[in-house]
Amino acid sequence: MQDDRPTPEQMLARLQTEGDDASAVKRRGKLKIFFGYAAGVGKTYAMLQEAQRLKAEGHDVVVGYVEPHGRAETEALLDGLERVPLRQVNHRGATLNEFNLDAALTRRPEIVLVDELAHTNAPQSVHSKRWQDVEELLQAGINVYSTCNVQHVESLNDVVAKISGVVVRETVPDDVFRRADELSIVDIAPDELLARLREGKVYVPAQAARALERFFRHENLFALRELALRRVTERVHVDVETARHGRGANDVWPTGETLLVCVEPSPSSASVIRAAKRLANAIQAELVAVHIENASTQKLSSESRNRLLNHLRLAERLGAETVTLAGDDLVEETLALARRKNVTKIVIGKSEATHRWFFQRLSITDRLIQDSGEIDIYVIRGKADGDSVESDSSAAHFATPFNAARSFEWVGTLGILGLATGLASLLDWLNTSEANIVMAFLLGVVCVALKYRRWHAVVASVGAVLLFDIFFTTPYYKVVVDDAQYLVTFVVMMFVGLIVTALTSRLRETLWQTQRNTRQTEALYQLGRKLSGINGQQFLASEAERAISELFQVQAIVLLPEDGMLRPVLHRGASFAANPSELAVARWAFVHEKIAGRGTETLTASQATYLPLLSPAGAMGVLAVQAEDVGPLFIPESRRVLEAYASQLALALERDRLAIEGQAATSSIEREQLRSTLLASVSHDLRTPLAVISGASSSILHANSKLDTATQRELLETIHEESDRLSRLVENLLRLTQLSSGRVEIIKEWFPVEELLGSALGRLEHSLGSRGVKVELVPSMLMAQCDSVLMEQVLINLLENACRYSPVGTAIEIRGHQQGKRTILEIADHGPGILKGDEERVFEKFQRGEQSIADSRGVGLGLAICKAVMDVHGGRITVSNAEAGGAVFRLELAADEMPPTTDENTENEHIGGIQS
Amino acid sequence: MTDNLAERRLIAVIEDEAPIRKFLRASLGAEGYRVAEADTVQSGLRMITQEPPDLIVLDLGLPDGDGRALIVEIRGWSTVPIIVVSAHDQEREKIAALDAGADDYLTKPFGVGELLARLRVAIRHHNNTTGLESLSQTYRHGPVRIELGSRRVFLDQDDVRLTKKEFDLLALLARNAGRVMTHRHLLKEIWGPQSTHESHYLRVFVANLRKKLEAEPARPKLIITEQGVGYRLAESEV
């Protein structure tokens with residue numbers, strides 16, 4: 001039982017697969033490809049027939065793009081089908097009709113027909129390839145019908161080229177085929193196809209006529225047909241397998257085996273990669289492409305480097321996972337990776353096994369075979385087919401014109417050899433033994449090896465032997481020796497020189513590697529350290545921008561989402577960041593979580609390159625990088641570092657966001673606590689008046705006849721009073737909720753204090769009863785700048801408080817005066833006053849004064865609301881005890897201007913008679 | 001007079017809370033009014049068009065729509081008095097409803113006395129404007145007597161000296177006694193359409209009027225403040 005338990009890795013893999021499945025099944029549209037072996041087999045016709053059938057069945061079928069090639073039968077089938085308007089692109093004076101992706105996405109049909117999957121879009125299009133358009137449609141949940149020929153399949157590209165002698169440049173990645181939900185073969189016999197060609201039923205563009213003539217040869221067609229049928233058979237096999245395993249069609253392939261292919265800069269590597277892909281397809285294995293970097297790859301010519309990059313991209317297009325590792329020992333690193341990835345087979349090209357060291361006896365292939373253990377090694381004879389590899393004009397141009405420096409190095413080498421010869425002559429003149437002369441030359445060789453490159457040292461070794469032979473052995477000045485003994489000396493000297501060369505050279509490479517790694521690690525560490533100490537998006541973005549600009553000599557701009565729009569955090573005026581079409585590219589990278597823009601496969605026409613900032617929580621934003629030449633950014637090691645920077649920044653941004661969310665969570669917990677305290681406190685205050693109302697009304701209902709009119713009236717009045725109290729309580733609660741949520745909008749205007757008091761007193765008529773209220777305002781037309789509704793509530797609460805905490809029958813005094821721009825109001829009662837030390841506490845939420853007289857009803861909210869209202873007014877509320885006893889509440893309202901003049905005599909035209 | 005006014009008049013109540021409808025039905029019925037009820041804007045509109053009522057009581061917080069839009073619609077073809085009912089913290093809604101053409105408002109919770117007073121005033125003013133009853137030229141409240149024709153104001157027997165604008169303001173309030181007048185409306189009528197934002201003028205004038213006419217200006221009985229909305233002159237006692 002124990003043995004059957006899945007390993008954690010397996011479980012993780014299964015989880016991921018299931019996760020992919022669930023979401024993919026929900027959203028992704030289905031792709032059906034009508035697959036043929038050559039043009040003219042009737043793919044488009046078959047597709048349209050199917051579309052007509054589906055339309056008749058009531059499906060929402062729309063033509064996205066169909067190329068009828070002027071064939072009447074095909075055009076007839078287009079009748080009655082809705083067409084998405086085409087996009088017209090002006091390219092070098094010619095108008096090209098392109099599939100309109102945006103229109104199709106907006107139309108959102110159930111099924112859209114998009115002919116010619118391998119088509120390359122006109123420049124300035126969103127995607128450079130049509131299959132990328134299709135991919136986006138699928139992602140949007142739209143089903144797509146498309147057509148493709150066998151020669152457009154990426155992994156078959158070189159085989160087709162070999163069969164037909166025609167190199168096809170428009171290819172579709174194997175992954176697109178793998179993920180297609182249905183592959184429908186459209187097949188006719190080659191003879192029939194040729195017949196159709198002769199009858200002119202197959203459209204042949206004039207300029208391609210000759211090439212196609214070669215293409216449409218009988219034997220070619222047979223071979224292509226076989227290739228196509230085999231491909232479909234493979235696919236059927238996979239379908240059967242997946243059906244057997246009860247898995248969804250979009251599932252990843254059974255991951256029993258993993259195949260690893262070594263990617264090299266040599267031209268033959270491309271065909272090795274394709275062969276590996278075909279092998280992987282055949283055995284249903286995943287493919288990993290690896291490139292090991294070391295000092296020598298750094299020294300590659302720009303041409304080789306471009307080739308290497310193209311090979312890595314080819315591997316990516318073929319659906320392989322590409323890995324670039326840094327390491328001195330190619331074999332060791334490859335095998336280590338193979339073990340990490342559970343690789344079962346390694347594919348390596350035969351011709352690339354160049355000897356790196358002069359004396360290294362085993363080739364890389366041999367060493368791989370020797371050390372691979374359980375892993376199978378497939379050695380494939382690669383064929384140079386640089387032709388079929390697209391050369392990418394935007395890829396790196398590494399001109400390293402160090403010619404001057406190089407020739408200087410050679411001069412140096414000669415100089416050192418000269419010095420060694422001089423030293424040898426001196427030793428010879430001193431008549432020391434020949435061994436010492438040899439030592440002098442060896443010293444020279446070591447110096448050259450230390451100072452310059454390997455080839456200098458090799459030349460120095462040979463030169464030293466020659467110099468020794470010419471100047472210090474008999475016969476002098478001739479490249480011959482009489483004594484055979486010297487031959488041994490020469491050979492030993494030569495070998496010692498070369499070993500020293502190799503050793504120093506390796507040392508130097510390791511050193512270079514270490515330095516580079518240290519530099520990158522250091523830079524990354526520095527960035528990480530700095531970012532971890534920074535809070536706030538702006539600061540994070542600015543630090544990352546600075547670090548990236550410095551290291552890569554580019555202009556880096558961080559774009560973050562803001563109200564659903566991506567915007568540069570800083571440098572909003574930067575030329576490219578202000579351009580809406582550039583922002584659209586950034587948006588694409590953000591939404592699709594893929595790199596886009598210049599130097600990539602998507603939206604290449606843009607000015608900058610956009611890297612999504614990916615954190616475990618998804619894309620946090622986009623890093624835009626702009627430089628004169630973006631090539632250097634796409635060297636594997638640079639790109640790796642750039643991506644590391646991007647992910648550092650993404651993590652820092654996520655940390656920042658989590659911190660903010662954490663704060664919000666904390667404050668929401670506090671709010672929650674406040675709310676529950678509020679509820680607990682308020683429920684008591686609610687219950688009391690409710691109990692009175694319910695009790696009084698029930699006694700009227702049940703004992704109606706037994707109660708005299710006076711008692712009845714008394715009870716009814718109680719009900720009315722308690723309802724009033726309840727109503728004010730609800731008002732207070734509402735106000736407090738508004739105030740504490742910060743949603744209160746205050747409208748400050750000038751009000752006569754008398755009027756504010758008037759309406760407050762008017763609403764408290766009942767509670768005040770016969771209590772006297774003395775109002776003393778100086779001047780009598782005292783004004784206050786405030787929100788009348790809120791201030792009325794403050795006054796009501798203070799007056800109610802005064803009523804509650806002072807004996808019935810005692811007066812309440814209200815005094816007010818002006819102090820510059822401030823209006824001061826005091827409300828004094830004749831109660832016991834406030835306890836020492838309680839002056840602040842009474843304004844806290846849910847506090848009630850300790851010495852409430854008998855009647856403890858009322859809300860602990862009143863004074864808290866007063867404080868909150870005064871706070872939003874920018875005013876103050878304080879409480880103290882009057883000398884004569886009783887509490888005095890003091891309100892201070894600050895205005896931003898002097899009160900308006902209230903001179904009542906501005907208008908002298910009186911009417912009426914006697915002055916009162 | 002109350003009986004006269006109430007006699008067989010139809011009151012349309014548009015309110016979604018059944019208990020409030022019940023209370024309105026009972027108290028209005030007891031006063032001799034006929035009551036028609038609806039609980040949504042749609043059914044309310046249907047009800048009004050089927051049998052035009054003499055007054056509409058409209059809750060502003062109906063579930064299926066904006067009460068204000070309904071007022072605007074009704075005002076498109078009818079001058080029937082409308083009294084809106086709203087919660088206390090909705091000053092803006094009240095003002096908006098009044099601006100849209102509502103005649104008065106009631107704040108929940110309200111008492112029957114208050115309701116009947118509003119109804120009475122609204123119906124009377126409606127009749128006045130439609131010319132059924134001639135306007136009373138004298139206003140009386142406690143010791144205050146306002147003679148609109150001769151533009152004189154008396155406190156007990158004493159003539160009160162008012163400025164022209166003070167009198168205009170008081171007269172405007174007196175002609176609409178018992179009804180709420182918004183700040184905007186008063187400013188526009190007395191100071192002209194461009195002065196509607198300088199509401200502190202109005203407040204100062206009202207304060208001055210109170211000083212001249214009220215026994216206790218800080219506890220006014222004559223000119224009542226409707227906080228955040230406007231002013232209301234107490235109903236004439238004649």
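**Chain B: its contact with chain A, and three helices**

In this predicted model, 33 residues of chain B are in contact with 32 residues of chain A. In contact means that their C-beta atoms, placed from the backbone, lie within 7 Å. Which helix gives the largest share of chain B's side? Helix 9 of chain B does, with 8 residues. By class, that side has 13 nonpolar, 8 polar and 12 charged residues. Ala, Val, Leu, Ile, Met, Phe, Trp, Tyr, Cys and Pro count as nonpolar; Asp, Glu, Lys and Arg as charged; the others, Gly among them, as polar.

A word on numbering and confidence. Residues count from 1 along each chain, and chains are lettered from A, ligands numbered from 1, in the order written. Local features need pLDDT of at least 70, side-chain atom pairs 80 or more, while totals for chains, interfaces and linings use all residues.

Now helix 7 (residues 164-175) and helix 9 (residues 199-213) of chain B. Helices here are DSSP runs, H or I, of at least four residues; strands are E runs of at least two. These two helices pack at about 85°, axes 10 Å apart. They are therefore roughly perpendicular, a label for 65 to 115 degrees. Helix 7 of chain B brings B:Lys165, B:Glu166, B:Leu169 and B:Leu170 to the contact. Helix 9 of chain B brings B:Phe205, B:Asn208 and B:Leu209.

Last, helix 8 of chain B. Its buried residues are B:His183, B:Leu186 and B:Leu187. Buried means 20 or more other C-beta atoms within 10 Å of a residue's own. Those residues fall within an arc of 100°, so they line one face of helix 8 of chain B. Their packing partners in chain B include helix 7 and helix 9.

Technical notes:
Axes are lines fitted to C-alpha atoms, for helices over the stretch in contact, and angles run from 0 to 180 degrees between N-to-C directions. Angles under 35 degrees count as roughly parallel, over 145 as roughly antiparallel, 65 to 115 as roughly perpendicular and the rest as oblique. Two residues are in contact if their C-beta atoms, placed from the backbone, lie within 7 Å. A residue is buried if 20 or more other C-beta atoms lie within 10 Å of its own, exposed if 12 or fewer, and partly exposed in between; C-beta atoms are placed from the backbone. The arc is that of the directions from the helix axis to the C-beta atoms.
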